[in-house]
Amino acid sequence: MSPISGKAPYYESRYIRANHPDRPQALWLRETLLWPTAGDPVADVWVMLFDPDGVGNRALKAPYPIDAAEYEYDDWTARIGATTLDDRSAQGVVTGGSRSARWDLVITAGAEEP
């Protein structure tokens with residue numbers, strides 16, 4: 001599915017990061033491709049919450065086979081499993097153990113610099 005050549009070693013990550021303007025809190029949504037020199041290639045979906053003064057830092061990762069991933073370059077879209085990340089939106093669900101995270105975000109450009 002992915003238009004990437006798939007030659008090892010190769011790593012690519014697409015992500016959205018949102019930082020709180022006044023507190024040490026952040027949310028990262030990340031989709032990664034990895035073709036290692038040894039082992040099978042994988043696609044991973046990550047959700048990371050950084051909140052050192054509150055609930056603490058947390059991360060969930062859902063691994064997928066590489067053929068469940070599609071990275072487009074003309075419209076900067078990453079799809080892994082049922083998750084999607086592009087420059088206008090992000091949707092997905094990650095479950096690990098007894099925890100899960102779900103997101104459905106719309107990205108709107110503001111007047112300020114990123």
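This briefing covers the sheets, salt bridges and ring contacts of the structure. The model is predicted. One open sheet has four strands, and another open sheet has five. The count of salt bridges comes to four, and a search of the whole structure finds three aromatic pairs.

**Four-stranded sheet**

- The strand order in this open sheet is E1-E2-E3-E4, and the pairing is antiparallel.
- Strand E1 (10-19) and strand E4 (58-65) are the edge strands, each of them pairing on one side only.
- From one strand to the next, the twist averages 10 degrees.
- Strand E3, which covers residues 42-50, runs antiparallel to E4 and is joined to E4 by eight bridges.
- Leu 49 has Arg 58 of E4 standing opposite.

**Five-stranded sheet**

- The order of this open sheet is E5-E6-E7-E8-E9, again with antiparallel pairing.
- Strand E5 (69-72) and strand E9 (99-106) each have a single partner strand, so one side of each is left without a neighbour in the sheet.
- On average, neighbouring strands here are turned by 15 degrees against each other, direction ignored.
- Three bridges pair strand E6 (residues 77-80) with strand E7 (residues 83-85) in the antiparallel sense.
- Ala 78 has Leu 85 in E7 as its bridge partner.

**Salt bridges**

- Arg 14 and Glu 12 form a salt bridge through their side chains, with an N to O distance of 3.1 Å.
- Both residues of that bridge, Arg 14 and Glu 12, are buried.
- A salt bridge also joins the side chains of Arg 79 and Glu 70, at 4.0 Å from N to O.
- Arg 79 has 33% relative accessibility and therefore counts as partly exposed.
- Asp 86 and Arg 88 are joined by a salt bridge in which the closest N and O atoms are 3.4 Å apart.
- The accessibility class of Asp 86 is buried, because its relative accessibility is 7%, whereas Arg 88 is partly exposed at 44%.
- A network of salt bridges links Asp 86, Asp 87 and Arg 88.

**Aromatic pairs**

- Among the three aromatic pairs found in the whole structure is that of Tyr 15 and Trp 28, whose ring centres are 6.4 Å apart.
- The planes of these two rings stand at 35 degrees, so the pair of Tyr 15 and Trp 28 is tilted.
- Tyr 15 belongs to strand E1 and Trp 28 to strand E2 (residues 26-35), so their pair ties together parts that are 13 residues apart in sequence.
- Tyr 15 is partly exposed, with a relative accessible area of 47%.
- Trp 28 also counts as partly exposed, at 28% relative accessibility.
- Tyr 15, Trp 28 and Phe 50 are linked into a cluster by ring pairs.

**Charges over rings**

- Arg 14, which also takes part in the salt bridge with Glu 12, has its charged end over the ring of Tyr 73, at 4.9 Å from the ring centre.
- The ring of Trp 46 has the charged end of Arg 30 sitting over it, 4.8 Å from the centre.

Technical notes. Residues numbered from 1 in each chain as written. Predicted model: local features only at pLDDT ≥ 70, side-chain atom pairs only at ≥ 80, totals over all residues. Heavy atoms only, no water. Buried < 20%, exposed > 50% of the residue type's maximum accessible area, 1.4 Å probe, protein only. Pairing = 2+ DSSP bridges. Helix = DSSP H or I, 4+ residues; strand = E, 2+ residues; numbered from the N terminus. Axes fitted to C-alpha atoms, helices over the stretch in contact; angles between N-to-C directions. Phe/Tyr/Trp six-rings, centres within 6.5 Å; stacked < 30°, edge-to-face > 60°. Lys NZ or Arg CZ within 6 Å of the ring centre and 35° of its normal.
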